Protein chains: 2
Amino acid sequence: MSAPTVYDVAARAQVSIATVSRVYRNPDTVRATTRERVLAVARELGYVPSGNARGLASRTTGVLGLCFPDYADPEVDNPGDGSDDAADDPEHMLYADEITRGMERAARRHGYALLIAASLEGGPESLVAKVAGRVDGFAVLARTVPTEDLEIIAHRLPIVMIAGPREIDHLDHLQVANDEGEYELTRHLIDDHGLTRLAFISGGEDSPDAAARFRGFQRALGDAGLPVPAEPATRGNFTQADGRAAAERLLDAGGAVPQALVCANDQMAVGALQTLERRGIRVPEDVAVVGFDGIPLGRVVRPSLTTVSQPMRRLGETAVDLLVERLRDPDRQPRSVMLPVNQTRRTSCGCP
Amino acid sequence: MSAPTVYDVAARAQVSIATVSRVYRNPDTVRATTRERVLAVARELGYVPSGNARGLASRTTGVLGLCFPDYADPEVDNPGDGSDDAADDPEHMLYADEITRGMERAARRHGYALLIAASLEGGPESLVAKVAGRVDGFAVLARTVPTEDLEIIAHRLPIVMIAGPREIDHLDHLQVANDEGEYELTRHLIDDHGLTRLAFISGGEDSPDAAARFRGFQRALGDAGLPVPAEPATRGNFTQADGRAAAERLLDAGGAVPQALVCANDQMAVGALQTLERRGIRVPEDVAVVGFDGIPLGRVVRPSLTTVSQPMRRLGETAVDLLVERLRDPDRQPRSVMLPVNQTRRTSCGCP
DNA sequence: GCGCATAGTGTATGCGCTTACAGGGAGCGC
DNA sequence: GCGCTCCCTGTAAGCGCATACACTATGCGC
């Protein structure tokens, strides 16, 4: 029951394989009656062109790849508890989903399909290589592929890095205005709400995004004439649980409780809200809390979360655009695009 | 700058192309020193094996495909408003995401990558064909591919249908216990909370899932000796907005207000909660509200939503398992798997 | 009637890899 | 020393399609 090929169809339809191929590639160059005959046979036989053969012959796959981090399989899904833990998943899950969706959509618009691959280890037979060999272009979420491998792959196909540092400067690069966004948000707290004791809850040390956001935070304090901390008040790893813990630490640290908790992402901000509620501290009356990302969750929590919204889906779309551009013009100068972010003012900062 | 091939590597490393190939496919069959030499050259040249050529020669791609509906591009993303509308997206977005994630993970475990393609039209050069030609197996979310095309593709590779009706009975089929789940939930409202006037807010007419859930609802009423409605009280299209509107209609319909709104999915249930809150109707004191799906959102809304949790991620994982099974044993009998669902009792039904 | 363009089709080659199969050399028992 | 493995490597034949090129049949102007 091996799948039928052009040869089978050609024989059955009494034409050459070239004609069969043309029916699919350039229907106009085949006489209408012939075309119909071929298509009829193809249907009858259940013929589906082999993407591999096509790709090999035409040197293009029509597929774009996306590589994002694997949020370390916490545990095998617990069917008992349903998806009740989903809200506790790291930011990246939601984040990566949005990007995937944006890419998928944009790719389709351009006639491409999307091949996704979470986290891949190195080695000759790694998924990277497997995936890289089957796509026309590749989008990589910061830090998911070793720089060394990237260098190799970049020889072969266009790559665009999303977020993270620009590790390799001859690649296209895409990021959001982390610094700017956090700056604006912080100024809002200072200028519009008159707050002066702000604490920054950062992400992991190796997160360039968190670092950029902290810089924006610092800059805002500096520009407002407030003392500028050299380090974040504390750190977490982007999860709600980390946010809860971070808030605990800050409250227990002694000294004056901050007037505002500026969190490196929304998940941690939501965690902080939980801690504050548990301790009977009112938000925003006693302490303001703000996040970063603009995940849907921030909209439904109480108080609703003031944050900086990232255009996550556009990130994916722009990545595709960059890839397509480069596929059309391989010698184009590498581009570095920064997408603007958006202030989303809800109630957790003190706005009505 | 055309990409290097086995030939380039072979020449440079003074071996035959067969040896280069073996270094990647069966490293053990190549002498260690030779292997290192080849790998060094490969690195130096930036060699990445062509997936197409590989696939063509070995007749397998190492890729599984997933096809889900395209939630009709509502509007181009409004960068101004950030992702604040995300919560209003149709259920399917979240749903498909979870399945994607489950499949991605399971696929990776089995050594496959995932090719995703939303909604595809027919025609010889459609995305279906493009995608179908490059995967080893294919999971299809109900109703996304015309049955006719499915028949053709099924000739060539394993297909598993997820949710929806079993259109083609020689395909593997996967669904959740919609009927059962809704039955249990409804009995809970009746037996444990003593409610007797229940209204069902259904999904689109063409949704087999919504239909199955309604059947469960009917059956529960019947078994409890209550009058059984022939039709749902009203319908929506699975979005929050639809849920709000549906609740409005029910409240404005005159006659006795129902004691419980049983919604075909969580998004609509959340919408209903919003309407009730706006009108000052207390949940669950005045009216109970329950959903179906178990999306994270239901956990954070107030009151938190009682629902039936689907094992969405497991759906994806099981789909992969079925595909892998069938790839191993093409002649296996078609299987139809029904995954159990889970009652998630929170506060919107009246539980403490 | 001839040359010539045009439309439609066939022939033949190559895309880059996998994988039987066929060697050649080394080690081993006898 | 011979034959026999075993290990390693090379040779060569595809895998299924796209496509340049060659070819035939037609229609046209002259």
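What follows is a chat between a student and a tutor about a predicted model of two protein chains and two DNA strands.

Student: Let's start at the DNA. What makes a residue count as near DNA strand C, and which ones come nearest?

Tutor: The cut-off is a C-beta atom within 6 Å of the strand. There are 26 residues around DNA strand C, and Ala18(A), Val6(B), Ser21(B), Ala53(B) and Ala57(B) come nearest.

Student: Which helices supply that surface near DNA strand C?

Tutor: Helix 2 (17–25) and helix 4 (51–58) of chain A, together with helix 2 (17–25) and helix 4 (51–58) of chain B, each supply at least two residues. Helix 2 of chain B gives the most, with six residues. By class, the surface near DNA strand C has 14 nonpolar, eight polar and four charged residues.

Student: And which residues come nearest to DNA strand D?

Tutor: Thr5(A), Val6(A), Ser21(A), Ala57(A) and Ala18(B), out of 26 residues around DNA strand D. Here helix 2 of chain A gives the most, with six residues. The class split for the surface near DNA strand D is 14 nonpolar, eight polar and four charged.

Student: On to the two chains. How many residues does each put into the contact?

Tutor: Chain B gives 61 residues and chain A gives 61 residues. On the side of chain B that touches chain A, 30 are nonpolar, 16 polar and 15 charged.

Student: How do you know that strand 2 of chain A and strand 2 of chain B are paired?

Tutor: Pairing takes at least two bridges. Strand 2 (residues 113–118) of chain A and strand 2 (residues 113–118) of chain B have three bridges, in the antiparallel sense, so they count as a pair. In that pairing, Leu115(A) stands opposite Leu115(B).

Student: What is the order of the strands in the sheet of 12?

Tutor: The order is 11(A)-5(A)-4(A)-3(A)-1(A)-2(A)-2(B)-1(B)-3(B)-4(B)-5(B)-11(B), in an open sheet with mixed pairing.

Student: What makes strand 11 of chain A and strand 11 of chain B edge strands?

Tutor: Each of the two, strand 11 (336–339) of chain A and strand 11 (336–339) of chain B, pairs on one side only. Neighbouring strands of this sheet are turned by 20° against each other on average, direction ignored.

Student: How do you know that strand 5 of chain B pairs with strand 11 of chain B?

Tutor: Again, at least two bridges are needed. Strand 5 (residues 172–176) of chain B is joined to strand 11 of chain B by four bridges, so the pair qualifies, and the two run parallel. Gln175(B) stands opposite Met338(B) there.

Student: Which helix of chain A lies across strand 5 and strand 11 of chain A?

Tutor: Helix 13 (residues 312–328) of chain A, which also lies across strand 1 (63–68), strand 3 (137–141) and strand 4 (159–162). Helix 13 runs at about 165° to strand 5 of chain A.

Student: Why are helix 1 and helix 3 of chain B called oblique to each other?

Tutor: The axes of helix 1 (residues 6–13) and helix 3 (residues 32–45) of chain B come within 9 Å and cross at roughly 125°. Angles of 65 to 115 degrees count as roughly perpendicular, and over 145 as roughly antiparallel. The crossing angle falls in neither range, so helix 1 and helix 3 of chain B are oblique. The crossing is right-handed.

Student: Which residues meet there?

Tutor: Asp8(B), Val9(B), Arg12(B) and Ala13(B) in helix 1 meet Arg37(B), Val38(B), Val41(B), Ala42(B) and Leu45(B) in helix 3. This contact has six nonpolar, no polar and three charged residues.

Student: What is the strand order in the sheet of four strands in chain A?

Tutor: The order is 7-6-8-9, in an open sheet with parallel pairing. Its edge strands are strand 7 (234–235) and strand 9 (288–290) of chain A. Strand 6 (residues 198–202) and strand 8 (residues 260–263) of chain A are joined by four bridges, and Ala199(A) stands opposite Leu261(A). Helix 9 (residues 208–223) of chain A packs on this sheet, touching strand 6 and strand 8.

Student: Last one: where are the cis peptide bonds?

Tutor: One joins Arg302(A) and Pro303(A), with omega about -5°. Another joins Val283(B) and Pro284(B), with omega about 5°. Pro303(A) is in the loop between helix 12 (297–300) and strand 10 (307–309) of chain A, and Pro284(B) is in the loop between helix 11 (266–278) and strand 9 (288–290) of chain B.

How values were computed
Residues numbered from 1 in each chain as written. Chains lettered and ligands numbered in written order. Predicted model: local features only at pLDDT ≥ 70, side-chain atom pairs only at ≥ 80, totals over all residues. Nonpolar A, V, L, I, M, F, W, Y, C, P; charged D, E, K, R; others polar. Contact = placed C-beta atoms within 7 Å. Axes fitted to C-alpha atoms, helices over the stretch in contact; angles between N-to-C directions. Parallel < 35°, antiparallel > 145°, perpendicular 65-115°, else oblique. Left-handed = near helix turned anticlockwise from the far one by under 90°.
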